[in-house]
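Trainee: I should like to learn how to read the features of a structure that is new to me. May we go through one together, feature by feature?

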Amino acid sequence: MNKIKIPESFLKIIDDLILNSESDTKLAESIQWIDFQSRKNEVNFYEMAYILTDRQLAKKRAQQWVTTVGSM
């Protein structure tokens with residue numbers, strides 16, 4: 001897989017989430033899942049988080065587009 005250019009602001013957000021996961025069980029489980037996926041897909045943790053976030057945003061935009069087109 002190609003290396004992805006990840007914005008510094010995104011890295012900071014992920015670092016903050018990791019720190020907050022110490023007191024949030026669900027967040028900790030999600031981070032562990034991302035870690036597992038990154039190993040499985042042979043990318044680093046930040047790349048996997050970025051890929052998943054990008055996919056989720058694309059899915060949301062597509063759903064909004066379908067809703068908009070459907071109401072025309």
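**Reading a predicted model**

Mentor: Let us begin with one residue: at a relative accessibility of 12%, Ser21 counts as buried, because the cut-off for that class is under 20%. Please keep in mind that this is a predicted model.

Trainee: Where is Ser21 found, and which residues does Ser21 touch beyond those up to four places away in sequence?

Mentor: Ser21 is found in the loop between α1 and α2. Not counting residues up to four places away in sequence, Ser21 touches Leu27, Ala28 and Ile31. Leu27, with neighbours within four places left aside, is in contact with Leu17, Asn20 and Ser21.

Trainee: How far apart are the C-alpha atoms of Ser21 and Asn44?

Mentor: They are separated by 19 Å, with the two positions 23 residues apart along the chain as the separation in sequence. For Ile18 and Ile31, which are 13 residues apart along the chain, the C-alpha atoms are separated by 7.2 Å. Ile18 lies in helix α1 and touches Ile31 and Phe45, not counting residues up to four places away in sequence.

Trainee: Is Ile18 buried, partly exposed or exposed?

Mentor: Ile18 is partly exposed, with a relative accessible area of 31%.

Trainee: How should I read a nonpolar core, and which residues make up the largest one here?

Mentor: The general idea is that in soluble globular proteins, nonpolar side chains tend to be buried together. In this model the largest nonpolar core has twelve residues: Ile6, Phe10, Leu11, Ile14, Leu27, Ile31, Ile34, Val43, Phe45, Met48, Ala49 and Ile51. At least two residues of this core come from each of α1 (8-20), α2 and α3 (45-70). The largest share, four residues, is supplied by α3.

Trainee: How is a pair of aromatic rings read, and how many aromatic pairs are counted here?

Mentor: A pair of aromatic rings is described by the distance of the centres and the angle of the planes. In this model the count comes to two aromatic pairs. The ring centres of Phe10 and Tyr50 are 5.1 Å apart and the planes stand at 85°, so this pair is edge-to-face. Phe10 belongs to helix α1 and Tyr50 to helix α3, so the pair ties together parts that are 40 residues apart in sequence. Phe10 counts as buried at 12% relative accessibility, whereas Tyr50 counts as partly exposed at 26%.

The other pair, Phe45 and Tyr46, is edge-to-face as well, with 5.9 Å from centre to centre and 80° between the planes. Phe45 is buried, with a relative accessible area of 15%; Tyr46 is partly exposed, at 27%.

Trainee: How do α2 and α3 pack, and which residues make the contact?

Mentor: For two helices, one may consider the angle, then the distance, then the residues. The axes of α2 and α3 are 8 Å apart, and the helices pack at an angle of about 105°. That makes α2 roughly perpendicular to α3. On the α2 side the contact is made by Ile31, Trp33, Ile34, Asp35, Gln37 and Ser38, and on the α3 side by Phe45, Met48, Ala49 and Leu52. By class, these are seven nonpolar, two polar and one charged residues.

Trainee: What can be said of Ser38 in particular?

Mentor: Ser38 is in helix α2 (residues 25-40) and is buried, with a relative accessible area of 3%. With neighbours within four places in sequence left aside, Ser38 is in contact with Val43, Asn44, Phe45 and Met48.

Trainee: At what angle do the axes of α1 and α3 cross?

Mentor: The axes of α1 and α3 cross at roughly 105° and come within 11 Å. These two helices are therefore roughly perpendicular to each other. Phe10, Leu11, Ile14, Asp15 and Ile18 in α1 meet Phe45, Tyr46, Ala49, Tyr50 and Thr53 in α3. This contact of α1 with α3 divides into eight nonpolar, one polar and one charged residues.

Trainee: Finally, how should I read a backbone angle, and what is the phi of Glu42?

Mentor: Most residues other than glycine have a negative phi. Glu42 has a phi near 55°, a positive value in a residue other than glycine. Glu42 lies in the loop between α2 and α3 and, at 73% relative accessibility, counts as exposed.

Technical notes. Residues numbered from 1 in each chain as written. Predicted model: local features only at pLDDT ≥ 70, side-chain atom pairs only at ≥ 80, totals over all residues. Heavy atoms only, no water. Buried < 20%, exposed > 50% of the residue type's maximum accessible area, 1.4 Å probe, protein only. Contact = heavy atoms within 4.5 Å. Core = buried A, V, L, I, M, F, W, Y, C linked by side-chain atoms within 4.5 Å. Phe/Tyr/Trp six-rings, centres within 6.5 Å; stacked < 30°, edge-to-face > 60°. Axes fitted to C-alpha atoms, helices over the stretch in contact; angles between N-to-C directions. Parallel < 35°, antiparallel > 145°, perpendicular 65-115°, else oblique. Nonpolar A, V, L, I, M, F, W, Y, C, P; charged D, E, K, R; others polar.
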